[in-house]
Amino acid sequence: MVALARTFGCARVVFNDALRARQDARAAGRAYPTDAALSKALTESKKTAQRAWLAEVSSVVLQQALADLNTAYRNFFQSVTGKRGGAKVGPPRYRSRKDNRQAIRFTRNACFMVTSSGKLRLPKIGDVAVRWSRTLPSDPSSVTVIKDAAGRYFASFVVQVDDEPLPTVGTEVGIDLGLSTFAVLSDGTVIESPRFFRRAERRLRKAQQALSRKQKGSNNRAKARVKFAAAHAKVAATRRDWAHKHSTTIIRENQAVYVEDLCVTGLARTKLAKSVHDAGWGLFVRLLREKAARCGRHFGKVNRFFPSSRLCSVCGVVSGPKPLNIREWTCVCGAVHDRDLNAAINILAAGRAERQNACGGQVRPEPVPAQADETGTHQENPRVLAGISDL
């Protein structure tokens, strides 16, 4: 652990030195130093007394720290210019030794290896015992060693994995995500909401109170912080395991899966924020999309403004707005709908229609021929005229 801590610190120092060099160049009105210039400066710094201890760790780790800084700047510039989608990315910041997460990366050039006894051999660190969650499908091209806030160490490998399509099935499903029940499928299956955070909230509150009562900078506070982080890590791991199991079952049993494109970020700003974060919709949808691509299934999203809860799945009439407390409603055609099941059926129908259109299906309706009246004069179809007048 001492060798790992030393490597974490060296990578952090190299990252901060390179970031300071770029910031100083910008303040002086000069161009940013290139990657080659930063790498050369790193090599020269090892010859000085102030940075001689950088030679005690693998040089690949230090070069990867420079690569991380380059990636951070590239993401920032692409975000500013609009070339990068998603949330805005800020400029790189200095790394602190007090950060709850530390990471280093070894590439194939570092000559790391997995020994016959199952240990991970890292250069200038030695053999590290690993509890393998699964066997590696191929030779790894890199490994990232991560220390999280709970004091746990993880080894993340980059390997080449081929897609494994599952046998074709004839079922498709639409999924309506919610809070009272986590999901309702169009075939009537109901997945109850596990509420992992709500169930652990009392334990988390007591851990937070114990942490707040410790004096800052003391060893007892450091121990309390690790216990608090471990409690949150347990909740996150339980939620992640639950999402993996249910998403795998849905992908295996259905050829196509359709969900609603929810704005989780916007919902997290409402009074339902705690329940929205506890549900983990974003994680569940991401797992469905990734597993569908890997298993040869189709995954689609329905527009978030599609009135899935207000549209009658029997007659197609769109009714008025319905508050969340209305779980069952009756359409003008006499059909009685469960709110979530009706929405899941509508999501399935909308997803199928969108998939057909995307695959070259007929989008425009066929032209309606003119009809002749009793006098033999051709007149326009009254249904077409009615549709125009409704607009």
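In the predicted model, the chain carries 65 positive and 33 negative side chains, and the centres of these two sets are separated by 15 Å. The accessible surface of the chain amounts to about 24500 Å², and carbon and sulfur atoms account for 52% of that surface. Of the 391 residues in the chain, 33% are buried.

The secondary structure of the chain consists of 10 helices and 15 strands. The radius of gyration is 29 Å, whereas the globule rule gives 21 Å for 391 residues; the chain is therefore more spread out than a compact globule. Along the principal axes, the C-alpha atoms occupy a box of roughly 105 × 50 × 45 Å. Contacts were also examined by sequence separation. Among those between residues at least 6 apart in sequence, 61% join residues at least 24 apart.

Helix H1 spans residues 2-27 and includes Gln-23. The relative accessible area of Gln-23 is 33%, a value between the 20% and 50% limits, so this residue is classed as partly exposed. Apart from residues up to four places away in sequence, Gln-23 touches Tyr-73, Pro-92 and Tyr-94. The C-alpha atoms of Gln-23 and Asn-109 lie 30 Å apart in space, with a sequence separation of 86 residues.

Strands of a sheet pair through backbone hydrogen bonds, in either a parallel or an antiparallel sense. An open sheet of three strands has the order E2-E3-E4, with antiparallel pairing. Its edge strands are E2 (113-114) and E4 (126-128), each of which pairs on one side only. Strand E3 covers residues 120-122 and is joined to E4 by three bridges in the antiparallel sense. Within this pairing, Arg-121 has Asp-127 of E4 as its bridge partner.

Two residues other than glycine with positive phi are located in loops associated with these strands. Cys-111 lies in the loop between strand E1 (102-107) and E2, and its phi is near 60°. The relative accessibility of Cys-111 is 62%, over the 50% limit, so Cys-111 counts as exposed. Lys-124 lies in the loop between E3 and E4; the phi of Lys-124 is also positive, near 60°. With a relative accessibility of 54%, Lys-124 likewise passes the 50% limit and therefore counts as exposed.

Strands E5 (residues 142-147) and E6 (residues 153-158) run antiparallel and are joined by six bridges. Ile-146 has Phe-154 in E6 as its bridge partner. The hairpin formed by E5 and E6 has five residues between the strands, and Gly-151 in this hairpin adopts a positive phi near 80°.

Strand E7 comprises residues 172-177. This strand is mostly covered, with five of its six residues buried. E7 pairs with two strands in opposite senses: parallel with E10 and antiparallel with E8. The parallel pairing with E10 (residues 256-260) contains four bridges, and in it Glu-172 stands opposite Ala-256. The antiparallel pairing with E8 (residues 181-185) contains three bridges, and here Leu-177 stands opposite Ala-183 of E8. E7 and E8 are connected by a hairpin of three residues.

Glu-172, which lies in E7, has a relative accessibility of 24%. Because buried residues are those under 20% and exposed residues those over 50%, Glu-172 counts as partly exposed. When neighbours within four places in sequence are left aside, Glu-172 is in contact with Ser-186, Asn-254, Ala-256, Tyr-258, Leu-348, Arg-352 and Arg-355. One of these residues, Ala-256, is also the residue that stands opposite Glu-172 in E10. Glu-172 and Arg-297 are 125 residues apart along the chain, and their C-alpha atoms are separated by 9.9 Å.

Definitions and conventions:
Residues numbered from 1 in each chain as written. Predicted model: local features only at pLDDT ≥ 70, side-chain atom pairs only at ≥ 80, totals over all residues. Heavy atoms only, no water. Buried < 20%, exposed > 50% of the residue type's maximum accessible area, 1.4 Å probe, protein only. Contact = heavy atoms within 4.5 Å. Rg over C-alpha atoms; globule rule 2.2 N^0.38 Å. Areas by Shrake-Rupley, 256 points an atom, 1.4 Å probe, with all protein chains shown as cover. Lys, Arg positive; Asp, Glu negative; His and termini not counted. Charge placed at Lys NZ, Arg CZ, Asp CG, Glu CD. Pairing = 2+ DSSP bridges.
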